[in-house]
Structures are given as structure tokens and as C-alpha cells.
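Me: I would like to go through this model by question and answer. Please keep the replies short.

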Amino acid sequence: MKKLFATLLLGAGLAFGGFHAVAQTTTEAPAAVAAPAAEAAAAPAAPVVDAAPAAAEAAAAPAEAAVKETVDKGDVTWMMISTILVILMVVPGLALFYGGLVRSKNMLSVLMQVMVVFSLISVLWAVYGYSVAFGGEGLIIGNFDKVFLKGVTVDSLAATFTPGVMIPEFIFIAFQCTFAGITCALIVGSFAERIKFGAVLLFCTLWFTFSYLPIAHMVWGSGGYLFDKGALDFAGGTVVHINAAMAGLVGAYVLGKRIGYGKEAMAPHSLTLTMVGASLLWVGWFGFNAGSNLEANGGTTLAFINTLMATAAAVLAWCVGETLSKGKASMLGAASGAVAGLVAITPACGTVGVMGAIIIGLVSGFLCLWGVTGLKKLLGADDSLDVFGVHGVGGIVGALLVGVFSAGSLGGVKGEDFSIAGQLLIQAEGVVITMVWSSVVAFVAYKIVDMTLGLRVTEEQEREGLDISSHGETAYNR
């Protein structure tokens, strides 16, 4: 364990030492934020609405040469629907998926953690998160020009991938807010059934500030280090899944194993709820992935169908893997396979072809099954709900394979100049940076929380169950 963190700390030191933030002062006029998908790296930079330069250019150039900015009601409606779908993924989707997997005495604690963490991060996003992630053009972070959403009005616009096609900035802020919220909520599954409620909230505040926001800016923000290098992450393979999985894995090590882990039965108390949660995740994920296109057009439909096909393929692969290894396929396995496929296709959904999506789904189904069985044993951590095995492994699979199947020769949308080998190196760099950065920030954050509030409940409280000991209520009469 000490060697693991020593290695991560050394890697983070190199990463921090190699970068420096570059702040950019913006005008008071609303600015269009960079669209949150790495596909933009292969296209011209999103136009920035800057009043003074725009007026000067308009006076010097013919009127017909200017790109007319338009806002389409269809795009706005689609983005509002997508945002609602992502909220559906968190509450009730993720909450029920996690809640069914824990023991009955801890179900309400997990539901509470997911819902309150999402609410906390939503408020922090409006206060300073949006500005740090998408303001300015620094290498690692943005700036603080839009704290408390300063300068954002109903007339403010955000750019999409099509020059001149805009959406209201408020809906872009809300859509990205849901991404930040679900990322932090995902971490809850790694230390479920043994952590203090207050500790969860303080940790998520620290980790959100110093890990999620920098990674989001580096990958999706204008001027971000990985964004400028051309890293492909359409909807959050690195930003959301690998980022959260590493924080969860570190938490599982720092908090230690649950009392009785490996000796007492810790079977899920309601696989029915888990299946309902997985189904809601699948439905909501169409907003997560297809919404990341920021418009309602052909690119949106590509992300949509890829999300469907990759997930279905992963379900089949997991079931086949279980049948070969255990003699029968389980419902929990099918639900887990669906989540694995959803995770893996997330970074690739907007740039790979349908056949490429199916291959990514098949690979993720088999590898994530290994992640929650063989790899979990090798790591020796009590990752309660297999956050790393599914989101970590699946995120890595998707983040790397997008560098392969985005090639036009393999059915992707990239042209003939697309280099698979070169793109794979960029993707691998993004994966390593995210893993190291998130791990180091998480380790420091856990230690700060432990020294202030304390991380773990007492043995008596853990045995009684967190529903009663932390919240004074119970889901079932016992």
C-alpha cells in the first residue's frame, strides 16, 4: 500500500511540475464556453462571443462573411431533456442501483449519500465549479471570472460544435453540473457501509475542487492541456469514470475493509432494486452521451445508437463470461454488464462507428467481469460495490479503444490523416494523468477528513447499520 501511494505521489509531482496554469482575462460580454467533448480537438475552436473584437471585425469584413449566430429551439429542448435524463441517472438510478447492492441495514445511508452529494456538488458548481472548469483558457484550470455565475444571463450563449450554432449558457451550465454531481456520487459505492455521513460530504467537496474541476478543464475546457493535445473523450471516460474510480479505490484502501469482510455474508439485499436502478441508468445514459453533442443532429444520433449497441453487447459478453466461469449467468451480472458497456462507450460514442461500439461493448463486458473478480482479488481492497472494477476498468477500455475505432478505416468519423498509434499515445497519457491526479488528491483529501471529522464510524455503529446510527431511521421493520 505504501509503495502504491509513493508511486502515485511521485507521478503527481511530475505532472504538477510539468504544467503551469495560464489565466486569461475575459471581457464582461458573455463568452461561449468550449464544448465538453474531445472531438472538438479535430475541429476549429468554438467561437468566443467577445463584443469589442467582434464589432471591429464586422466593420472591416463584408457582412456576408460573418458567421451568423443562431439558437434553435430544438437544440435547447434536447439539451433540457438530456439534463433531466442525467438527473434520472443519479436519483433514482444510481441511488437504487447502489441501494439494492448493500445490506438492508445500510440502504437508506447509501440513498442519502447519493442524493445529498449530488445536491452539494450542484450548489458548488454554481458558486465556483463552472468558472474553474470552463472559464478562461488555462492549461490546468480556468479562472474565477464567473464565480457565483457572474455575468451569466438569459441572453448568454455557449458554443456547440457547429460554427454559429449556439445554446443558452444556462442550459450548458446545468448539463455540465449533472456530470460533476454524478461523478462524485459514483465514489460512494467504494466505501459504502462504513463511512461517516459528514466525512462523505467534506471529502467530496475537497475532491471535487481539486480533482474533478482540473481534470474536466484539462479534457474539455478551452486551452486545457489534454484538450489542446487532441485527447478524445466525448462524454467523460476520463473525467467521470476513471476519475471517480481512482478516488473510490484509494478510499477503499484508506478506510479499510468492512467488519466481517470475507468471513460474513454481505450479499445484496434487493437485486430487484438493483435491476431497476441499472435500467434507469441505461435510459438516462442516452442523455449523458447523446446530450454531449450539444445539438440535435446527426452526430447526436450516432452517440445515441452507439450507447444502445455497446451496452447490449456488454450485457451479452458478461453473461457469456459468467456462464463459462460459473456455469450460469446471473441477473446481477447482466445489470453489471450493462453499466460496464455504458461506461466504456462514454468516451467513444460520438466518434466511433456502430460496429466499433459493439466491439467496445464486448471487450468491456469481459474485462469488467474480470475486474470485479480476478483483479479485485489482486488489489485486495474492499471496494464495496465494485466501482473500480466496473467504472475504472470500463473507463480505461473506452478511453483507449476510442483511439482505435475512431479511425475512418474502422468505421469511425475521423479522416484519413487520423493516426491510430499517435492517438493511442495521447489517450494513454490522458488515462495516466487522470489516474495519478485523482489518486493523489483523493489520498490527501481522505487524510484531511480523517484528521478533522474522522472517516469511519465505530464498530458498534457499523454493526448496527448506518441507517439507524447515522440517520435514525430504517427502510424495513426488523
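Reply: A term to start with. A crossing is right-handed if the near helix is turned clockwise from the far one by less than a right angle, and left-handed if anticlockwise. The model is predicted.

Me: Is the crossing of H12 and H14 left-handed or right-handed?
Reply: H12 covers residues 354-371 and H14 covers residues 387-405. Their axes come within 9 Å. The crossing of these two helices is right-handed.

Me: Which term fits the direction of H12 relative to H14?
Reply: The axes of H12 and H14 cross at roughly 150°. Angles over 145 degrees count as roughly antiparallel. H12 is therefore, relative to H14, roughly antiparallel.

Me: How many charged residues are in the contact of H12 with H14?
Reply: On the H12 side, the contact includes Ile359, Ile360, Val363 and Leu367. H14 brings residues including Val390, Val393, Val397 and Phe405. The contact divides into 10 nonpolar and five polar residues. The number of charged residues is no more than this: none.

Me: Which term fits H3 relative to H4?
Reply: H3 spans residues 73-101 and H4 spans residues 107-134. Their axes come within 8 Å, in a right-handed crossing. The angle is roughly 155°. That angle is over 145 degrees, so H3 is, relative to H4, roughly antiparallel.

Me: How many residues of the contact of H3 with H4 are nonpolar?
Reply: H3 offers Ile87, Val90, Val91, Leu94, Ala95, Leu96, Tyr98 and Gly99. From H4 come Met107, Val110, Leu111, Val114, Met115 and Phe118. One residue of this contact is polar and no residue is charged. The nonpolar count is 13.

Me: Is the peptide bond from valine 91 to proline 92 cis or trans?
Reply: Most peptide bonds are trans. Proline 92 lies in H3. For the bond from valine 91 to proline 92, omega is near 15°. That bond is cis.

Me: Which term fits H9 relative to H10?
Reply: H9, residues 271-290, packs on H10 at an angle of about 140°, with the axes 9 Å apart. H9 passes H10 in a right-handed crossing. An angle of about 140° falls short of the 145 degrees for antiparallel, so H9 is, relative to H10, oblique.

Me: How many polar residues are in the contact of H9 with H10?
Reply: H9 makes the contact with Trp282, Trp285, Phe286, Asn289 and Ala290. On H10, the contact residues include Ala303, Phe304, Thr307 and Leu308. Eight residues of the contact are nonpolar and no residue is charged. The polar count is four.

Me: What does H10 reach from its first C-alpha to its last?
Reply: H10 covers residues 298-326, 29 residues in total. At 1.5 Å a residue, 42 Å is expected. The value in the model is close to that, at 42 Å.

Me: Which residue has a side-chain oxygen at the start of H10 that reaches the backbone nitrogen of glycine 299?
Reply: At its other end, H10 is followed by glycine 327, with a positive phi near 90°. At the start, the oxygen comes to within 3.0 Å of that nitrogen. The residue is asparagine 297.

Me: Which residue in the loop between H9 and H10 has a positive phi near 70°?
Reply: Most residues other than glycine have a negative phi. Leucine 149, in the loop between H4 and strand E2, has a positive phi near 55°. The residue in the loop between H9 and H10 is leucine 294.

Terms used: Residues are numbered from 1 along each chain as its sequence is written. This is a predicted model: local features need pLDDT of at least 70, side-chain atom pairs count only at pLDDT 80 or more; totals for chains, interfaces and linings use all residues. Side-chain values use heavy atoms; hydrogens and water are left out. Helices (H or I, at least four residues) and strands (E, at least two) are DSSP runs, numbered from the N terminus. The expected span of a helix is 1.5 Å times one less than its number of residues. A polar contact is a pair of N or O atoms within 3.5 Å; within protein, one must be able to donate a hydrogen and the other to accept it, and residues adjacent in sequence count only if both atoms are side-chain atoms. Axes are lines fitted to C-alpha atoms, for helices over the stretch in contact, and angles run from 0 to 180 degrees between N-to-C directions. Angles under 35 degrees count as roughly parallel, over 145 as roughly antiparallel, 65 to 115 as roughly perpendicular and the rest as oblique. Contact means heavy atoms within 4.5 Å. Ala, Val, Leu, Ile, Met, Phe, Trp, Tyr, Cys and Pro count as nonpolar, Asp, Glu, Lys and Arg as charged, and the others, Gly among them, as polar.
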